[in-house]
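Here are a few points to read alongside the structure, written for someone meeting a model of this kind early in their studies. Please keep the sequence and the 3D view open while going through them.

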Amino acid sequence: MSEVKQDWREEVVQRLRGVKYPGFSRDIVSFGLVQDMDMEGTDLKLKLKLTTPDPAIPEKLGKEIRDALKNYAPVKSVTIETEVTPPQATATTGPQGIEGVKKIVAVASGKGGVGKSTVAANLAVGLAQSGLKVGLCDCDLYGPSQALMLGCREGVRVEEGTERIVPAECHGVKLMSMGMLLGDDSPAALRGPMVTRFTQQFLRQVVWGDLDVLVLDLPPGTGDIQLTIVQTVALDGAVIVTTPQEVALVDARKAIAMFRKVNVTILGLVENMSYFLVPGTTEKHEIFGSGGGKREAERQKVPLLGEIPLDPEARKCGDEGKPVLLVNPKASSSKVFFQFGQSVLKILFPNI
Ligand code: ADP
């Protein structure tokens, strides 16, 4: 008898794994939304736990669940009980650490295209090169780039039995990308509560193992999504990336203000694309102006952690999926990336 019982459960779970949460490429089972199930005759009783106040979601899920079970003879009807936990309940739990992870650092920018992902990638591999156990999480839901920058072709793997996500590993760094879990039909903007739940679940469902540092590559900007992530995870600090010109500095200021609002320490400012060194000479061209990052760091009373040159080698390596610091340590940008990594290391672990 118990074998028969086991059989229907397995079959139902298997079929529910085909039901994606609206807007995501992840299914409702691996999201942990199916709380309980039972059979009364031919009526399948399902208990779902959701956080969204949007009534369209349970309706859509109900239809898809029934469709998924349509051709399974033992189930003639499905009764779904939906428990909605108000999103505030998750939001008020406040920022939380991640088990096994010693330090969590966010790399942020007020503006896209300033080189934030390049800085995050080179920081992660630089720390790993120094002997630390490092993870890198690309939190950009809509424009993830770390898998490309680290040349990582491995996809995510879900650990059997536990539903936990196993990160890929590239250049000695454990890599995870939130965007990997979103489908092409993702909504243009996720709502705050959804992001909170997604972020909390996501970061904690990843099998990071023991990490010295987890680097979060935040999406550019200072909107709700960034604020939600920053409020959800207990950060040890943030690195702000900017370029020298005023348009970028204005947005960097906004990013600093956002972190300060939620009491996150600013570890420092990194000025990227600071100057161009004419190859083979010491001739410097300050294409985007000079001293903007330094002045801003002084104004904000935070360290200037590096002035990274505009380096064709950095761009080329990024495109080829090999962080410049690893493949060409002699490149003009690599020397500064190295120093920058060492500065972050000293701030995070002053006793090493
Ligand atoms: P963001 O994450 O801020 O959007 P990226 O790190 O994706 O920016 O960088 C945007 C582009 O600029 C990429 O093609 C990258 O290779 C290039 N890039 C970033 N930093 C440098 C640099 N110091 N020198 C040359 N190219 C760079």
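1. A polar contact, as the term is used here, is a pair of N or O atoms within 3.5 Å. With that in mind, please note that this is a predicted model, in which a polar backbone atom of glycine 115 is placed 2.9 Å from an oxygen atom of the ligand.

2. Two further pairs can be found around the ligand, one of them joining a ligand oxygen atom to a backbone N or O atom of serine 117 at 2.8 Å. The other involves the side chain of asparagine 272, where an N or O atom lies 2.9 Å from a nitrogen atom of the ligand. On its own the ligand has 560 Å² of accessible area, and the protein covers 81% of this.

3. The shell around the ligand holds 16 residues, of which Gly113, Lys116, Ser117, Thr118 and Asp311 come nearest. By type, the shell divides into seven nonpolar, six polar and three charged residues.

4. Which elements give two or more residues to the shell around the ligand? They are helix H4 (116-129) and helix H10 (312-320), and H4 gives the most, with three residues.

5. Turning to the packing of helices, H7 (residues 224-232) and H8 (residues 246-261) have axes 10 Å apart and pack at an angle of about 35 degrees, and H7 passes H8 in a right-handed crossing. Gln226, Leu227 and Val230 of H7 make this contact with Met258, Phe259 and Lys261 of H8, and these residues divide into four nonpolar, one polar and one charged.

Key
Residues numbered from 1 in each chain as written. Predicted model: local features only at pLDDT ≥ 70, side-chain atom pairs only at ≥ 80, totals over all residues. Heavy atoms only, no water. Axes fitted to C-alpha atoms, helices over the stretch in contact; angles between N-to-C directions. Helix = DSSP H or I, 4+ residues; strand = E, 2+ residues; numbered from the N terminus. Left-handed = near helix turned anticlockwise from the far one by under 90°. Contact = heavy atoms within 4.5 Å. Nonpolar A, V, L, I, M, F, W, Y, C, P; charged D, E, K, R; others polar. Near = heavy atom within 4 Å. Polar contact = N/O pair within 3.5 Å; in protein donor to acceptor, adjacent residues only side chain to side chain. Areas by Shrake-Rupley, 256 points an atom, 1.4 Å probe, with all protein chains shown as cover.
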